[in-house]
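Trainee: I have a structure to read and would like to learn how to go about it. Could we take it one feature at a time?

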There are 2 protein chains.
Amino acid sequence: MAEKENNLMEKIVSLCKRRGFVFQGSEIYGGLAGTWDYGPLGVSLKNNIKNIWWKMFVDSRDDMFGLDAAILMSPKVWEASGHTETFSDPLVECTKCHHRFRSDQLDDQTKCPDCGGKLGESRQFNLMFQTQIGATEGSISYLRPETAGGIFVNFKNVVDSFHPKLPFGIGQIGKAFRNEIAPRDFIFRVRELEQMEVEYFVRPESWEGAFEEWRKGVHEFNKAVGIPAEHVHELEVGDGDRAHYSKRTIDFEFDFPFGRKELYGLAYRGDFDLSAHEKGSNQNLKYAAEGEEQFLPHVIEPSFGVDRTFLAVLTSAYTEDELGGEGRVYLKFHPRVAPVKAAVFPLLKNKPELVAKAREVYTNLKKEIPQIVWDDNGNIGKRYRRQDEIGTPWCITIDFDTLGENKELEGTVTVRDRDTGAQERMAIADLAGFIKKAL
Amino acid sequence: MAEKENNLMEKIVSLCKRRGFVFQGSEIYGGLAGTWDYGPLGVSLKNNIKNIWWKMFVDSRDDMFGLDAAILMSPKVWEASGHTETFSDPLVECTKCHHRFRSDQLDDQTKCPDCGGKLGESRQFNLMFQTQIGATEGSISYLRPETAGGIFVNFKNVVDSFHPKLPFGIGQIGKAFRNEIAPRDFIFRVRELEQMEVEYFVRPESWEGAFEEWRKGVHEFNKAVGIPAEHVHELEVGDGDRAHYSKRTIDFEFDFPFGRKELYGLAYRGDFDLSAHEKGSNQNLKYAAEGEEQFLPHVIEPSFGVDRTFLAVLTSAYTEDELGGEGRVYLKFHPRVAPVKAAVFPLLKNKPELVAKAREVYTNLKKEIPQIVWDDNGNIGKRYRRQDEIGTPWCITIDFDTLGENKELEGTVTVRDRDTGAQERMAIADLAGFIKKAL
């Protein structure tokens with residue numbers, strides 16, 4: 001089983017490189033471990049995922065505020081939050097070959113898995129990337145290890161500018177950095193990641209209802225991006241395993257090819273964060289409605305990884321089947337996330353009248369739906385397979401009937417469905433509406 | 001004059017904080033110099049700017065490919081590009097108070113501007129942020145000082161995946177980091193910035209035409225985001241001042257309140273970059289069409305700063321005038337970039353029938369145009385002033401006539417124009433179409 005699943009990941013990684021979804025970071029220089037570059041199709045898929053999240057959880061809601069805080073933050077932020085002291089993994093080094101490992105990931109904690117040499121003492125290795133800021137030696141800053149910190153330090157700014165009523169939330173999409181000892185599993189465990197996080201502020205007595213709403217929100221988001229519900233599992237984190245300030249935490253796990261692993265987290269964090277930053281900054285971060293005594297709101301934190309969502313969407317979409325007696329690979333993306341919504345072809349590329357008409361259809365459609373491509377390479381069968389492999393829901397072919405060879409079909413095109421291979425005839429005027437409806 | 005302009009910047013910075021556009025980074029911890037956090041309205045404005053750029057220069061074109069490369073890159077990338085050696089500013093330190101300055105920004109290079117003490121020797125200070133990557137001491141990486149590097153190292157990947165014909169380009173939006181000695185002028189000179197860059201690859205003999213097209217493209221973009229043409233000036237960089245590999249470079253300068261400063265750059269860079277990375281990586285980065293000898297394409301680089309565009313849009317929009325005999329401040333944003341497209345009010349908040357109808361109008365409109373807000377705080381005059389100050393193009397008021405008190409006006413609302421203060425009556429059914437047309 002493990003071999004089959006490794007094989008599946010290999011195929012997915014290979015498809016990602018070959019078709020321009022994801023490349024190894026700094027690849028021509030031998031790569032930089034734990035970093036990945038999103039190619040043309042990858043950036044489209046990723047932007048579609050981020051836009052769905054932002055629209056669902058920020059723009060379409062009255063109780064949510066957007067934010068985009070800096071990656072470089074004052075080191076005091078991470079002292080207050082506890083990251084400077086405790087955001088670390090246990091590290092061991094082989095006394096012989098000097099390779100380094102996360103000791104909690106080793107089966108045998110005495111022997112080096114690479115050379116069999118004796119392993120040294122385990123020590124805590126802080127995962128925050130450190131850098132010197134400004135021209136004065138000793139002024140350090142960290143790359144934020146999570147976007148949440150940027151939200152908490154701006155809680156007061158948002159309250160002062162917008163005077164929101166509780167409950168309300170602040171949402172942010174942005175990069176975070178973790179100096180993983182052993183990055184692995186493609187874009188799953190990386191050193192540079194992207195997060196979509198919300199801190200949702202509530203009255204202490206009403207946290208349970210808000211928690212339940214966000215739990216449902218997570219599933220709605222999965223549905224919207226096309227992650228099948230049957231592969232998402234809620235893990236209630238037990239009393240011993242939760243952070244001490246959390247009364248409830250759910251890990252949302254997904255069946256990745258390499259095992260069931262965390263996709264998202266949802267945690268009730270009490271007033272731990274605002275309280276810590278109040279102490280750390282000596283600022284009053286309390287909230288008070290009219291005629292009320294001031295208090296620290298409590299917080300619900302739904303946290304989504306962009307890269308993990310991308311990988312879950314991708315592995316859910318990856319399908320091998322047979323069509324017309326031949327094996328094929330296709331990505332069964334929901335049209336909302338598909339990097340290309342439709343491809344437009346002329347049936348033959350050496351017939352100027354077909355090409356001209358196809359260009360006209362393409363140009364008009366692209367004005368309304370930018371993620372449309374033109375394809376006239378190879379024969380039509382090859383074009384279908386190529387579009388299948390990148391998950392394009394529809395292929396639109398302009399043929400001689402379109403031009404009126406069959407008068408009854410003049411002004412119509414064939415629209416071929418990715419999943420079934422079935423073709424239907426549709427009026428050119430109906431194409432944009434048909435695609436938009438599916439989005 | 002200088003005082004008046006300082007005053008204008010102070011007013012803009014103050015408005016940005018008060019109304020939730022931009023906050024000082026890590027503000028509650030005393031701030032981190034050169035970093036800024038975009039608040040709810042700032043992130044909307046910024047996203048609108050980025051989306052316009054991406055749609056104009058990537059999604060709507062057949063010859064462009066999008067990319068999102070990692071911020072952390074192999075240090076070899078910056079050795080090859082020359083950044084490790086030369087991406088630096090001259091730094092001097094006062095021998096008395098130990099304050100540090102960029103010597104090229106001092107009028108008198110012998111005396112400390114702070115304490116009058118003697119300045120030490122000037123030395124080159126590299127602006128790249130350095131960090132240690134992985135658990136092995138001595139493995140360093142830099143935060144990328146520009147997004148362009150990520151594009152060049154992926155040139156081969158894009159060619160191998162998509163086989164594009166020349167000319168074609170790769171576009172990217174992302175963060176870049178520069179350890180400025182003296183960050184200043186609000187979000188103009190910062191340590192963490194965001195760039196929108198294109199590398200446009202051409203046959204060596206056809207660079208002039210492509211350069212001219214991109215020159216026009218820059219002005220089209222300015223028009224689309226509402227930066228007035230009369231405040232943008234092309235500076236042809238002369239023979240002595242251009243990089244040695246560039247045959248033509250234009251700096252697009254803008255009349256900021258603190259002076260005429262660089263907004264964008266457009267440079268013809270020959271094959272300098274691909275050639276340097278070919279040497280550095282030992283990879284063949286040449287291009288060959290069918291039946292052609294392989295060669296290194298030349299490159300045109302249009303480079304846009306997100307934060308500087310944001311600031312140019314903001315300062316262009318900032319307006320003080322009189323309306324109805326009272327002074328007011330408003331932001332004359334083009335509706336396309338305005339963070340809020342329209343605000344919906346009930347005329348009175350204590351009349352449930354008005355509130356219910358207004359809620360209905362608001363909810364339906366927001367489904368079609370997410371950047372719509374609800375506002376029922378204070379009297380209508382205050383709401384207008386508040387929306388003017390954040391640049392909301394239209395205020396929509398639901399009154400008793402809407403409900404049919406005047407039968408002829410039933411189902412209509414007042415739409416008030418931000419710039420003129422003029423109000424017109426419009427059918428509820430026409431609102432979405434009216435706003436969308438203006439976007």
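Trainee: How many of the 10 residues of helix α8 of chain B are buried?

Mentor: Keep in mind that this is a predicted model. A residue counts as buried when its relative accessible area is under 20%. In helix α8 of chain B, residues 272-281, 7 of the 10 residues pass that test, so the helix is largely enclosed by the rest of the structure.

Trainee: Which residues of α8(B) are the buried ones?

Mentor: They are Asp273(B), Leu274(B), Ser275(B), Ala276(B), His277(B), Glu278(B) and Ser281(B). Their cover includes the helices α3 (75-81), α5 (148-153) and α6 (155-162) of chain B. It also includes the strands β11 (192-202), β14 (259-270) and β15 (298-305) of chain B. After α8(B) comes Asn282(B), with a positive phi near 60°.

Trainee: Take the counterpart in chain A. Is His277(A) buried or exposed?

Mentor: His277(A) is in helix α8 of chain A. Its relative accessibility is 2%, so it counts as buried.

Trainee: What is His277(A) in contact with, neighbours within four places in sequence aside?

Mentor: Within chain A, the partners are Val77(A), Ala80(A), Ser81(A), Phe152(A), Val153(A), Asn282(A) and Leu285(A). From chain B, Ile28(B) and Tyr29(B) are also in contact with His277(A). Distance along the sequence is a separate matter from distance in space: His277(A) and Glu79(A) are 198 residues apart in sequence, while their C-alpha atoms are 9.4 Å apart.

Trainee: How do contacts of that kind add up over chain A?

Mentor: Take the contacts in chain A between residues at least 6 apart in sequence: 64% of them join residues at least 24 apart. Chain A has 12 helices and 22 strands, and its C-alpha trace spans about 80 × 70 × 45 Å along its principal axes. Of its 439 residues, 57% count as buried.

Trainee: What does chain A expose, and how much of that do carbon and sulfur atoms supply?

Mentor: Chain A exposes about 18,500 Å², and carbon and sulfur atoms supply 48% of this area. For charge, count the side chains: chain A has 57 positive and 69 negative ones. The centres of the two sets lie 4 Å apart.

Trainee: How should I read the interface between the chains?

Mentor: The size of an interface is often given as the accessible area lost when the parts come together. Here, about 6,400 Å² is buried between chain B and chain A, and carbon and sulfur atoms give 56% of it. Ile28(B), Tyr29(B) and Asp68(B) supply 13% of the area that chain B buries against chain A, more than any other three residues. By contacts, 78 residues of chain B meet 78 residues of chain A.

Trainee: Why do the copies meet through the same surface?

Mentor: Because 100% of the interface residues of chain B are also interface residues in chain A.

Trainee: What rotation and shift superpose chain B on chain A?

Mentor: Two copies of a chain are related by a rotation about an axis and a shift along it. In this case the rotation is 180° and the shift along the axis is 0.0 Å, with an RMSD of 0.1 Å. That is the relation of a two-fold axis. In chain B, the C-alpha nearest the axis belongs to Thr131(B), 2.6 Å from it.

Methods: Residues numbered from 1 in each chain as written. Chains lettered and ligands numbered in written order. Heavy atoms only, no water. Least-squares fit on C-alpha atoms with pLDDT ≥ 70 in both. Contact = heavy atoms within 4.5 Å. Helix = DSSP H or I, 4+ residues; strand = E, 2+ residues; numbered from the N terminus. Buried < 20%, exposed > 50% of the residue type's maximum accessible area, 1.4 Å probe, protein only. Areas by Shrake-Rupley, 256 points an atom, 1.4 Å probe, with all protein chains shown as cover. Lys, Arg positive; Asp, Glu negative; His and termini not counted. Charge placed at Lys NZ, Arg CZ, Asp CG, Glu CD. Buried area = accessible area lost by both parts, 1.4 Å probe.
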